[in-house]
Amino acid sequence: MPSYTVTVATGSQWFAGTDDYIYLSLVGSAGCSEKHLLDKPFYNDFERGAVDSYDVTVDEELGEIQLVRIEKRKYWLHDDWYLKYLTLKTPYGDYIEFPCYRWITGEGEIVLRDGRARLARDDQIHILKQHRRKELETRQKQYRWMEWNPGFPLSIDAKCHKDLPRDIQFDSEKGVDFVLNYSKAMENLFINRFMHMFQSSWSDFADFEKIFVKISNTISERVMQRWQEDDMFGYQFLNGCNPVLIRRCTQLPEKLPVTTEMVECSLERELSLEQEVQQGNIFIVDFELLDGIDANKTDPCTLQFLAAPICLLYKNLANKIVPIAIQLKQIPGEENPIFLPSDAKYDWLLAKIWVRSSDFHVHQTITHLLRTHLVSEVFGIALYRQLPAVHPIFKLLVAHVRFTIAINTKAREQLICEYGLFDKANATGGGGHVQMVQRAMQDLTYTSLCFPEAIKARGMDSKEDIPYYFYRDDGLLVWEAIKTFTAEVVGIYYESDQVVQEDQELQDFVKDVYVYGMRGRKASGFPKSLKSREKLSEYLTVVIFTASAQHAAVNFGQLFLGMYPEEHFIEKPVKEAMARFRKNLEVIVSMIAERNKNKKLPYYYLSPDRIPNSVAI
């Protein structure tokens with residue numbers, strides 16, 4: 001009788017093992033086996049991190065194995081199990097790999113296909129077509145769209161984290177990590193003391209240092225020492241946590257009536273302000289988005305205020321960007337003066353503080369929350385709804401949406417909800433942050449997520465004219481590395497543009513993003529469909545770059561870009577493409593390290609060894 005060797009790998013995360021009964025059935029082209037209990041005498045099967053092997057003898061020839069069915073039945077209490085992968089050695093000596101990387105909960109079952117990535121057109125056998133269709137039908141019931149707030153991108157239909165499908169919930173250690181990091185952040189900010197400070201007047205600028213007491217790294221210490229200086233103020237617009245607002249000023253706006261006489265003490269080239277504009281030496285940051293946003297009124301004992309500044313900056317002869325004029329409101333007038341470096345020291349400093357405050361609100365709510373977290377969640381939900389696990393694009397992108405839906409759900413539970421942390425700690429809390437997202441959605445376009453085009457649209461693309469814009473330099477390197485990689489993967493599975501056009505699952509994925517994520521807004525420029533391999537490669541680059549590099553640049557740096565610990569792909573050409581991708585990223589790491597070596601204020605947020613694969617890793 002034919003005999004198969006089955007090898008089963010259990011996950012290494014907390015509580016991944018199980019004591020439940022595990023049964024296996026094999027479905028082949030010539031027949032289906034009976035259920036076999038996978039159990040070894042006097043041995044604790046399926047322990048956390050274990051790789052167990054079993055001999056399975058069947059009564060008759062099964063032909064080519066098409067599916068493997070894994071069933072879990074209760075032993076004593078329900079005991080969830082995380083199955084990494086399963087391999088099968090056939091009676092003829094062949095090895096078949098079945099990636100899984102999923103939880104089996106309750107008395108459940110999972111039906112697996114072998115690990116070869118397949119488009120729908122590649123499936124000609126009825127049972128495989130049926131499996132593909134049922135998987136998506138099940139997923140579309142689990143992953144439903146919901147409007148959390150009018151005007152927002154749609155999000156997952158779950159009130160809290162525990163309502164999410166088990167496969168996208170935080171693992172136990174990730175959940176603990178989230179709580180610890182949240183607590184650590186509160187500790188670092190001395191949040192209780194910090195908020196108490198807001199409820200009374202600050203008597204001295206030294207009070208700022210209390211915020212940094214427990215934050216200790218080269219950058220924070222350097223900023224703390226020099227935050228009052230104009231060149232540090234300008235530098236932060238280039239390489240700080242929100243380096244996406246500054247743009248070259250091509251024409252002085254009427255709402256900012258600055259004259260040459262007002263700023264001539266800042267101009268170093270003996271040119272008029274208009275001439276400096278024409279030569280490309282003037283830059284602008286406009287916080288118009290904040291105009292009219294309601295300030296936080298949740299605490300009746302604390303008055304909070306918002307500004308909507310316009311800041312004019314100048315590239316001096318040392319190629320440093322420095323502020324030369326600040327207007328705190330959008331409409332000019334006697335009660336809305338233009339502050340200048342020639343003003344009294346603390347008048348000018350206070351104007352810069354207001355700009356920094358506004359920058360914080362836009363950074364947290366728009367640059368970080370909307371344009372990385374919420375956008376990545378849209379890609380993630382659409383991915384699970386429209387692409388089966390066997391699809392090559394699912395295999396490529398799943399690592400880049402890992403835990404994204406979970407962390408966003410946690411944010412809606414604890415941070416941006418009514419009475420959440422935003423309401424307690426931010427001047428835009430109490431609904432202002434919601435208004436901001438609703439406004440910013442009008443400017444959220446596909447082009448603005450394409451890194452090179454976004455840089456060019458702001459007139460910030462010239463390395464010669466703006467030599468110290470490391471966010472741009474490093475971002476372009478990472479973008480090109482990702483695009484080269486995605487183009488290779490697309491080339492492996494799509495031999496022509498026509499194959500892209502005829503891939504209905506792919507087109508449904510793209511349509512879901514447009515209809516539900518972008519709310520069907522034509523002005524967003526998000527494609528409703530993809531017509532070519534080149535456009536598919538670009539689209540995938542947007543998804544990966546947004547979730548990894550862009551988030552790292554505006555939030556934090558860890559690791560993992562280019563690392564795919566879950567081996568969803570088994571094909572050699574893709575693994576080789578991944579290896580080349582990693583080598584390209586290693587070159588970028590070396591280049592950035594060399595540049596940073598002698599810098600007092602290094603920029604490393606976009607070094608690939610500090611970029612996480614997704615917004616939540």
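1. Which residue in strand 15 is the bridge partner of Cys 311? In this predicted model, that partner is Ile 326, and the pairing belongs to a wider contact in which strand 14 (residues 310-315) and strand 15 run antiparallel to each other over six bridges. Ile 310, for its part, stands opposite Gln 327 of strand 15.

2. The hairpin formed by strand 14 and strand 15 has five residues between the strands, and among the details to check there is Asn 319, whose phi is positive, near 65°.

3. Strand 15 also pairs with strand 16 (residues 338-339), again in the antiparallel sense, over two bridges. Gln 327 stands opposite Ile 338 in strand 16, while on the strand 14 side Gln 327 faces Ile 310.

4. These strands are part of an open sheet of five strands, ordered 12-13-14-15-16 with antiparallel pairing. Strand 12 (247-248) and strand 16 are its edge strands, each pairing on one side only.

5. Strand 15 (residues 321-327) is largely enclosed by the rest of the structure, because seven of its seven residues are buried, the cut-off for buried being under 20% relative accessible area.

6. Elsewhere, on the surface, a patch of negative charge brings together Glu 34, Asp 59, Glu 60 and Glu 61. Glu 61 lies in the loop that links strand 5 (51-57) and strand 6 (65-73), and Glu 61 counts as partly exposed because its relative accessibility is 45%.

How values were computed: Residues are numbered from 1 along each chain as its sequence is written. This is a predicted model: local features need pLDDT of at least 70, side-chain atom pairs count only at pLDDT 80 or more; totals for chains, interfaces and linings use all residues. Side-chain values use heavy atoms; hydrogens and water are left out. Patches are made of residues with over 30% relative accessible area and no salt bridge: like charges are joined within 9 Å, nonpolar side chains (Val, Leu, Ile, Met, Phe, Trp, Tyr) within 5 Å. Accessible areas come from the Shrake-Rupley method with a 1.4 Å probe; for residues, only the protein chains shown count as cover. A salt bridge is a side-chain nitrogen of Lys or Arg within 4 Å of a carboxyl oxygen of Asp or Glu. Lys and Arg count as positive and Asp and Glu as negative; His and the chain ends are not counted. The place of a charge is taken as NZ of Lys, CZ of Arg, CG of Asp or CD of Glu. Helices (H or I, at least four residues) and strands (E, at least two) are DSSP runs, numbered from the N terminus. Buried means under 20% relative accessible area, exposed over 50%, partly exposed in between (1.4 Å probe, protein chains only). Two strands pair if DSSP finds at least two bridges between them.
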